[in-house]
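Open the model in your viewer and keep a selection panel at hand. The stops below say what to select next and what is there.

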Amino acid sequence: MSKILIKIDGQEVEASEGMTILQAAQSLGIKIPTLCHHEKLESYGACRICTVEAVINGRSRLVVACVYQVENGLIVTTRSDKINQVRKTILELLLSHAPDSEQLQELAEEYRADKGRFEKEASFCIHCGLCVRYCAEVKKKNAVGFVNRGARREINFVPEIVAKECWNCKECFPLCPTSALQAAYVLTEALLSSSPPYETKPGK
Ligand code: SF4
Ligand code: FES
C-alpha cells in the first residue's frame, strides 16, 4: 500500500491510502470533534462537526474529516476562527433538537454556541444515524430505521424485530448523543405490551 505524506496542524504524518483525515489526525493524537462517527461503522458524514480546512494544490476548502480521504501533499488545519464559526453554527442547529444533550452541551461550551439561537425543533433526534447504522452494520438486525424525509425525518423501531431481538441487546443506547433513541424505544415497548400478538422475549 503506497504511503502518503500530509501535514496536519503543522505536523507531518505518513498516512496510508484510503485513510481519512480524521484517522490521520487521530494517529497524531489530534482531536477533531465527531458526533456521527463510529470506528466500527462506515463513514457517514452526516453531522459535519468534524469540518476542517484542507489545502490541496494551493486551493483551500472546508471538508468533512471523517469522510475525506488523504492525498499526497494535503495540508490540514483542524482549528481556526473559520472552523470554530462553522462548528458553532452546526452546534446551534443541533441544539435546537436536543438542547439538554450532555455531549452537545460540552461542545457548545467549547465553541461558545448559543442553544437558544434557533427555535426548538419537535424531534430530539439529530439524525446522526448511529443507532440505525449500528443495528444494520454490526448487529445485522435492522430493528431501527429512519422514516419520512426532510424536517419530518425520524427514527422508528420495527416492533416485530424489537420483540425478537432488542430485549437483550440495546447496544445502540449508549451511542445516541440525545435521548431520542431511548424515547422511541420506550414507545415501541409500550406498543408491544399493549399488543398481545407480539412476544417481547423468546419463550414468553
Ligand atoms: S436516535 Fe440518537 S443515535 Fe439514533 S439517529 Fe437520532 S440522535 Fe442518532
Ligand atoms: S463526525 Fe464527521 S460528519 Fe459527523
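Start by selecting strand 6 and strand 7, which form a hairpin with six residues between them. In the turn, pick N148, whose phi is positive at about 65°. This is a predicted model, and every value on this tour is computed from it.

Stay on the hairpin and show the backbone. Strand 6 covers residues 144–147, and strand 7 covers residues 154–157. The two run antiparallel and are joined by four bridges. To find one of the bridge pairs, select V147 and its partner in strand 7, E154.

Now show the side chains of strand 7. Which residues are on its covered face, and which on the uncovered one? I155 and F157 are on the covered face, while E154 and N156 are on the uncovered face. In a regular strand the side chains alternate between the two faces of the sheet.

Keep E154 and I155 selected and add A180, A184 and L187: of the residues lining the largest pocket, these five lie nearest its centre. The pocket has a volume of about 180 Å³ and a lining of 14 residues. Strand 7 and helix 6 each supply at least two residues of that lining. Helix 6 gives the most, with five residues. Colour the lining by class and you get nine nonpolar, four polar and one charged residues.

Next, move from the pocket to the cavity. How many cavities of 30 Å³ or more are there? The count comes to one, and the volume of the largest cavity is about 80 Å³. Select C125, C128, C131, C176 and L181, which are the closest to the centre among the 13 residues lining the largest cavity. Helix 4 (130–138) and helix 6 (180–193) each supply at least two residues of this lining. By class, the lining of the largest cavity has 10 nonpolar residues, three polar and no charged. Helix 6 therefore appears at both stops, as a supplier to the cavity lining and to the pocket lining, where helices are DSSP runs of H or I with at least four residues.

Go now to the five-stranded sheet. It is open, with the order 2-1-5-3-4 and mixed pairing. Strand 2 (11–16) and strand 4 (59–64) stand at the edges with a single partner strand each, so one side of each has no neighbour in the sheet. On average, neighbouring strands of this sheet are turned by 30° against each other, direction ignored.

Within the sheet, select strand 3 (residues 51–56) and strand 5 (residues 75–77). They pair in the antiparallel sense over three bridges. A54 has V76 in strand 5 as its bridge partner.

Add helix 2, residues 81–95. Helix 2 lies across strand 3, strand 4 and strand 5, and runs at about 145° to strand 3.

Finally, zoom out to the whole protein chain. It has six helices and seven strands, and along the sequence they follow the pattern β-β-α-β-β-β-α-α-α-β-β-α-α. Along the principal axes, the C-alpha atoms fill a box of roughly 65 × 45 × 25 Å. Of the 204 residues, 43% are buried. Among contacts between residues at least 6 apart in sequence, 52% join residues at least 24 apart.

Notes: Residues are numbered from 1 along each chain as its sequence is written. Chains are lettered from A and ligands numbered from 1 in the order in which they are written. This is a predicted model: local features need pLDDT of at least 70, side-chain atom pairs count only at pLDDT 80 or more; totals for chains, interfaces and linings use all residues. Side-chain values use heavy atoms; hydrogens and water are left out. Buried means under 20% relative accessible area, exposed over 50%, partly exposed in between (1.4 Å probe, protein chains only). Two strands pair if DSSP finds at least two bridges between them. On a 1 Å grid over the protein atoms alone, a cavity is a set of points where a 1.4 Å probe fits but cannot get out, and a pocket is an open set with protein on both sides within 12 Å along at least five of seven lines; lining residues have an atom within 4 Å of a point. Grid points are joined across faces, edges and corners, and a volume is the space filled by probe spheres set on the points. Ala, Val, Leu, Ile, Met, Phe, Trp, Tyr, Cys and Pro count as nonpolar, Asp, Glu, Lys and Arg as charged, and the others, Gly among them, as polar. Axes are lines fitted to C-alpha atoms, for helices over the stretch in contact, and angles run from 0 to 180 degrees between N-to-C directions. Contact means heavy atoms within 4.5 Å.
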